[in-house]
Amino acid sequence: MSNEDPRKQTFFKDLEVLVVESLGNARVAYENAFKSLGIERKNVRFAKTFHDALKELDSFEPNLVFSYEVLDQGRYNDVLKKHLKLQPNRINNSFILLTQNDSIDAISKIAQQQVDLVLPIPFTVDSIKALMDKLYEMKSSPSDYRKLINAAYEQVGKDHAKVFEIVEKARELSKEAYETYYLEGLCHFKDKNFEESLKALEKSYTINPKDFNTLKLFFKTYKHQKNYYMALQYSLKLHADYPISPDMLKDLSMVAVAAGKHELILNYYDAYKKVNEPSDEIKDAISAAIVIYARCELEKIEFDKSSIQDLQKNKKYLKALKLIEEASIICATKPAILEKMIIILTQTPDNKTTKFVQVKQKEKFPKYENAPLMDALVADKDSTASQSLKMAIDTLNSGFKSEELFEIIIKRSVDMNRKEESIQEWYEQAIKIYPHIKSRLNKFYNA
């Protein structure tokens, strides 16, 4: 280090570093790299778990964090979020993510200027040192404009009048000051002044139509206004230049459904498959979205006019069933999603996928309160008419209300040639509670 630039020596000497990694077998590599750079040992801490990392951030407040993408008991996202909150000035503070080179999450976080650099796995002492040199080049000589932008970021959520004052000064230093308008838009968004937010974002977009943060905030603002068409347009612009961000998958799926663009769900599902150990929230969101897509595809099929042989050759039918199976595997915490799958499948002649979903429900949610209803719907697939009828009536009488139960009762009563008065009574009760199913019931019962 003796031949190094004194400013570089000071930069590394002043660093306080938190390394978050579960395995512990790379500790020596970090320590050797840090020692050779002049980072003092007393300024370096290690955390093994997600929870340990959050505790260290509270007590230690490091200005540099190394974190694996997937951690013991969680992911890096909340560690990053807390570091950004505690240390909002990103000139003096940094976050380095350890991940595979093709991580779409890492790419999107760098585009949002939240993660500074990625350290590819596997790494060595030399690759850590090379990355630290790169970090020094990035952080050591910020322009006056960059200093003002970071000062403005520090005030977001605290003093928005101060933000507006700082960005005005920053505009005097750059003709390409799109970030100043983005920051104005962000402040207005946080203050729920959505129209003002959009005006500021338009100015940012005019200067730089490919800025990740601007496009993402456009999406969020229009979503909050329930203008799903415009939210969708900006999501498409965003993903024309950037990979789909995992933390947007839930909202992207919801907007695609609301805007009637169900075909986009498959794009989001493809993006989901590239996420390393996605959160339960993302799993449930994707699972629910896939179910909606599958339902829409199945509704296009006229099952009463299609033979089993025809359906076995129908690629859309087979694909929809496969997607439902995959969604049942993905679903993490919401048994109602699996219930919805069963309900959708009642309108098809399928038995295999229906049974598959039922098994998943019993494995994942054995105490689900609506399990008896799901059992009755599944039983209708392979029970005799009398068995199915009895189970549906018993389930209904036990307190479960469902249009599908009424449909089973009426259909099986017709199959068994039960008394007209009894069928009519069930029919009238059904359409009184669920008037929208009248046309469906009329396909097999003429009142």
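Select Ala47 to begin: this residue is buried, with a relative accessible area of 3%, where buried means under 20% relative accessible area, exposed means over 50%, and partly exposed lies in between, using a 1.4 Å probe and protein chains only. The model in your viewer is predicted, so that local features need pLDDT of at least 70 and side-chain atom pairs count only at pLDDT 80 or more, while totals for chains, interfaces and linings use all residues. Residues are numbered from 1 along each chain as its sequence is written, and side-chain values use heavy atoms, with hydrogens and water left out.

Stay with Ala47 for a moment, and colour strand β2 (residues 44-47), in which Ala47 lies; helices (H or I, at least four residues) and strands (E, at least two) are DSSP runs, numbered from the N terminus. If you leave aside the neighbours within four places in sequence, Ala47 is in contact with Leu18, Val19, Val20, Glu21, Asp52, Ala53 and Glu56, contact meaning heavy atoms within 4.5 Å. Now add Ser67, which is 20 residues from Ala47 along the chain, and the viewer should show their C-alpha atoms separated by 9.4 Å.

**Aromatic rings**

Next, select Tyr30 and Phe66, which form an edge-to-face aromatic pair with 5.7 Å from centre to centre and 70° between the planes. Rings of Phe, Tyr and Trp (its six-membered ring) pair if their centres lie within 6.5 Å, and planes under 30 degrees apart count as stacked, over 60 as edge-to-face and the rest as tilted. Where in the chain do Tyr30 and Phe66 lie? Tyr30 belongs to helix α2 (residues 27-37) and Phe66 to strand β3 (residues 64-68), 36 residues apart, and the pair links distant parts of the chain. Both Tyr30 and Phe66 are buried. Extend the selection to Phe34, Phe46 and Phe123, and you will have one aromatic cluster formed by these three together with Tyr30 and Phe66. By the pairing rule, the count comes to 21 aromatic pairs.

Then turn to Tyr234, where the charged end of Lys237 sits over the ring, 4.5 Å from its centre. A charge sits over a ring if NZ of Lys or CZ of Arg is within 6 Å of the ring centre and within 35 degrees of the ring normal. Another such arrangement can be found at Tyr269, where the charged end of Lys273 sits over the ring at 4.3 Å from its centre.

**Packed helices**

Show helix α10 (residues 194-207) and helix α11 (residues 212-224), which pack at an angle of about 155° with their axes 10 Å apart. The axes are lines fitted to C-alpha atoms, for helices over the stretch in contact, and angles run from 0 to 180 degrees between N-to-C directions. The angle makes α10 roughly antiparallel to α11, since angles under 35 degrees count as roughly parallel, over 145 as roughly antiparallel, 65 to 115 as roughly perpendicular and the rest as oblique.

On the α10 side, residues including Leu198, Leu201 and Tyr205 meet residues of α11, among them Thr214, Leu217 and Phe218. Select Thr214, which lies in helix α11 and, at 0% relative accessibility, counts as buried. Not counting residues up to four places away in sequence, Thr214 touches Tyr182, Leu201, Ser204 and Tyr205. Thr214 and Leu201 are 13 residues apart in sequence, and their C-alpha atoms are 6.3 Å apart in space.

For another pair, display helix α1 (residues 6-13) and helix α6 (residues 125-139), whose axes are 11 Å apart at an angle of about 105°. These helices, α1 and α6, are therefore roughly perpendicular to each other. Their contact is made by Arg7, Lys8, Phe11 and Phe12 of α1 with Met132, Asp133, Leu135, Tyr136 and Lys139 of α6.

**Backbone details in loops**

Move to Pro122, found in the loop between β7 (117-120) and α6; the peptide bond leading to it from Ile121 is cis, with omega near 0°.

Is Lys192 buried or exposed? Lys192 counts as exposed, at 62% relative accessibility. Lys192 is found in the loop between α9 (178-190) and α10, and although it is not a glycine, it has a positive phi of about 65°.

Finally, select Lys226 in the loop between α11 and α12 (228-241), where phi is near 60°, a positive value in a residue other than glycine. Lys226 is exposed, with a relative accessible area of 62%.
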